[in-house]
Amino acid sequence: MHSCPGLFHAGVLSRELLKGSDAAIRNPHVTRLLCPLPQCPPCTSCHAARAALRRPRSGQALCGACFCSAFEAKVLHTVLAGRLLPPGGVVAVGASGGKDSTVLAHVLRALVPRLGISLQLVAVDEGIGGYRDAALAAVRRQAARWELPLTILACEDLFRGLTDAVARRTAGSDRSRYCCTFCGELQAARRAGATNIAISHNADDMAETRLMNFLRGDAGRLARGGGLGSPGEGGALPRCRPLQFASQKEVVLYAHFRRLDYFSEECVYAPEAFRGHARDLLKRLEAARPSAVLDLVHSAERLALAASARPPRPGACSRCGALASRALCQACALLDGLNRGRPRLAIGKGRRGLDKQATPGTPGDPAQTKTIR
Amino acid sequence: MAAPLSVEVEFGGGAELLFDGVKKHQVTLPGQEEPWDIRNLLVWITKNLLKERPELFIQGDSVRPGILVLINDADWELLGELDYQLQDQDSVLFISTLHGG
């Protein structure tokens, strides 16, 4: 698989072997000798520049420029093979200002001529104090630099400080578990004028999500989560994840070699979220078996549930029209719960207690959602 | 015996938050008996530059999983990782991949 010789300095190598070091024996570089001095092999694509990295699955050594081209080619292949973005489509990229959505927007913009699509950025302001302001500033800079239309769905009038409010009102150690549920649901709000939504989840995100779904016994998400694209159902827009097969490391390296400006602070609620446990487990697995993350994503694509376990097809929220597997979508249900003074009403087992719908004109009425540009 | 070395140490992707938000550090490593490699550099960084929460940067004698290391713009995997011997004027960049995007 690896065509280039290993690169340990001979003195270091013999020191490790004499010590009987496990690390030396496990390291694949050790088994392939040997350049006398540590140096990078030439790029196997252009043969001109020296290599800057190896691709995780193939082990191919590439320079920065060739790696970026290969990365873009891979995304193009993912989109074309999956028919994710039809020609003529108006594609809204969910932009958070972070590394993944920055890379996705940059790559799709480069591929616009090949794909025949038009591109815009969409961002959601869930009202997470401090964190979201700086992130949105990064999105605004990107929209200006790339000359892309930008729509920010400001839920502030309906949802003023809502995610923080959820955090304050739900007590104790449960609080942190619920903040990300709420944050994620708000991300699914309406987009303006688009025919497709492109989401920037990378392979590591997908693997973590699949692992979380298994750990929670969430058959519904396991059934729905597979598949590169989600067709639009119940009035929702078709969604896709063009970076699904790109590892997080490759996304970061692409952003580095293309000198992309992105925002990178941890969401204040992230340290306490359940996803962190899945991530830690995956990182340990990856250390033992480097292809574990991508393999998990690929096997999830092939997963089929037994007929008895499959959930019913989702419909539309009776209040706002978003994709929903129950009468109310999660965002409207969460809002209902907060307004009734029962913040956990729509979270986890609390959903079983949700049986009434709010009347029009109350918070949760989609007519009250404002869009700012 | 290693002579003093002048290297540039840089942090990105959020890792700079552990270093007072400062991304670029021009560093002079003192002369010492053992040669300067990345392993020693990490110890030096932890002692002299790291301001908070070492567990977010270091794990054992290496970096925490999820932190990429680029030496002169090349992945450290190509250069021997912890065993790479630093040269004068080398540039070492630590990029955290652990934040949302």
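**Exercise 1. Is the crossing of α4(A) and α11(A) left-handed or right-handed?** Work on the predicted model. Describe the geometry of the pair, then its contact.

*Solution.*
- Step 1. The crossing of α4(A) and α11(A) is left-handed.
- Step 2. Add the geometry. The two axes come within 10 Å and cross at roughly 65°.
- Step 3. List the contact residues. From α4(A) come K99(A), D100(A), V103(A), H106(A) and V107(A). From α11(A) come Q248(A), V251(A), V252(A), Y254(A) and A255(A).
- Step 4. Sort by class. The contact of α4(A) with α11(A) holds six nonpolar, two polar and two charged residues.

**Exercise 2. How many of the 10 residues of helix α11 of chain A are buried?** Name them, then find what they pack against.

*Solution.*
- Step 1. Set the cut-off. Buried means under 20% relative accessible area.
- Step 2. Count. Helix α11 of chain A spans residues 248-257, and nine of its 10 residues are buried, so the helix is largely enclosed by the rest of the structure.
- Step 3. Name them. The buried residues of α11(A) are Q248(A), E250(A), V251(A), V252(A), L253(A), Y254(A), A255(A), H256(A) and F257(A).
- Step 4. Find the partners in chain A. The buried residues of α11(A) pack against β1 (53-54), α3 (64-81), α4 (99-115) and α9 of chain A.
- Step 5. Find the partners in chain B. These buried residues also pack against β5 (67-71) and β7 (91-96) of chain B.
- Step 6. Look just past the helix. R259(A) takes a positive phi of about 55° there.

**Exercise 3. At what angle do the axes of α9(A) and α12(A) cross?** Classify the angle, give the handedness and describe the contact.

*Solution.*
- Step 1. Take the helices. α9(A) covers residues 203-216 and α12(A) covers residues 275-288.
- Step 2. Read the geometry. Their axes come within 9 Å and cross at roughly 115°.
- Step 3. Classify. The range from 65 to 115 degrees counts as roughly perpendicular. That angle therefore makes α9(A) roughly perpendicular to α12(A).
- Step 4. Give the handedness. The crossing of α9(A) and α12(A) is right-handed.
- Step 5. List the contact. On the α9(A) side are D204(A), D205(A), A207(A), E208(A), T209(A), L211(A) and M212(A). On the α12(A) side are R275(A), A278(A), R279(A), L281(A), L282(A), K283(A) and E286(A).
- Step 6. Sort by class. The contact of α9(A) with α12(A) has six nonpolar, one polar and seven charged residues.

**Exercise 4. In what order do the elements of chain B run from the N terminus?** Judge the chain's compactness, then set out the figures for both chains.

*Solution.*
- Step 1. Count the elements. Chain B has one helix and seven strands.
- Step 2. Order them. From the N terminus, chain B runs β-β-α-β-β-β-β-β.
- Step 3. Test compactness. The radius of gyration of chain B is 13 Å, close to the 13 Å that the globule rule gives for 101 residues, so chain B is as compact as a globular protein of that length.
- Step 4. Add the box. Along the principal axes, the C-alpha atoms of chain B fill roughly 45 × 30 × 25 Å.
- Step 5. Add burial and contact range. In chain B, 53% of the 101 residues are buried. Of its contacts between residues at least 6 apart in sequence, 59% join residues at least 24 apart.
- Step 6. Turn to chain A. Chain A has 14 helices and 11 strands. Buried residues make up 48% of its 373 residues. Of its contacts between residues at least 6 apart in sequence, 70% join residues at least 24 apart.

**Exercise 5. Which residues does N72(B) touch, not counting residues up to four places away in sequence?** Place N72(B), then treat S62(B) and T46(B) in turn.

*Solution.*
- Step 1. Place N72(B). This residue lies in the loop between β5 and β6 (74-75) of chain B.
- Step 2. List its contacts. N72(B) touches R50(A), Y84(B), D90(B) and S91(B).
- Step 3. Check exposure. At 28% relative accessibility, N72(B) counts as partly exposed.
- Step 4. Take S62(B). S62(B) sits in strand β4 (residues 62-63) of chain B. Its relative accessibility is 17%, so S62(B) counts as buried. Leaving aside neighbours within four places in sequence, S62(B) contacts L42(B), F57(B), W76(B) and L82(B).
- Step 5. Take T46(B). T46(B) belongs to helix α1 (residues 38-48) of chain B. Its relative accessible area is 28%, so T46(B) is partly exposed.
- Step 6. Compare sequence with space. T46(B) and F57(B) are 11 residues apart in sequence and 8.5 Å apart in space, C-alpha to C-alpha.

Definitions and conventions: Residues are numbered from 1 along each chain as its sequence is written. Chains are lettered from A and ligands numbered from 1 in the order in which they are written. This is a predicted model: local features need pLDDT of at least 70, side-chain atom pairs count only at pLDDT 80 or more; totals for chains, interfaces and linings use all residues. Side-chain values use heavy atoms; hydrogens and water are left out. Axes are lines fitted to C-alpha atoms, for helices over the stretch in contact, and angles run from 0 to 180 degrees between N-to-C directions. Helices (H or I, at least four residues) and strands (E, at least two) are DSSP runs, numbered from the N terminus. Angles under 35 degrees count as roughly parallel, over 145 as roughly antiparallel, 65 to 115 as roughly perpendicular and the rest as oblique. A crossing is left-handed if the near helix is turned anticlockwise from the far one by less than a right angle, and right-handed if clockwise. Contact means heavy atoms within 4.5 Å. Ala, Val, Leu, Ile, Met, Phe, Trp, Tyr, Cys and Pro count as nonpolar, Asp, Glu, Lys and Arg as charged, and the others, Gly among them, as polar. The radius of gyration is taken over C-alpha atoms; the globule rule is 2.2 Å times the number of residues to the power 0.38. Buried means under 20% relative accessible area, exposed over 50%, partly exposed in between (1.4 Å probe, protein chains only).
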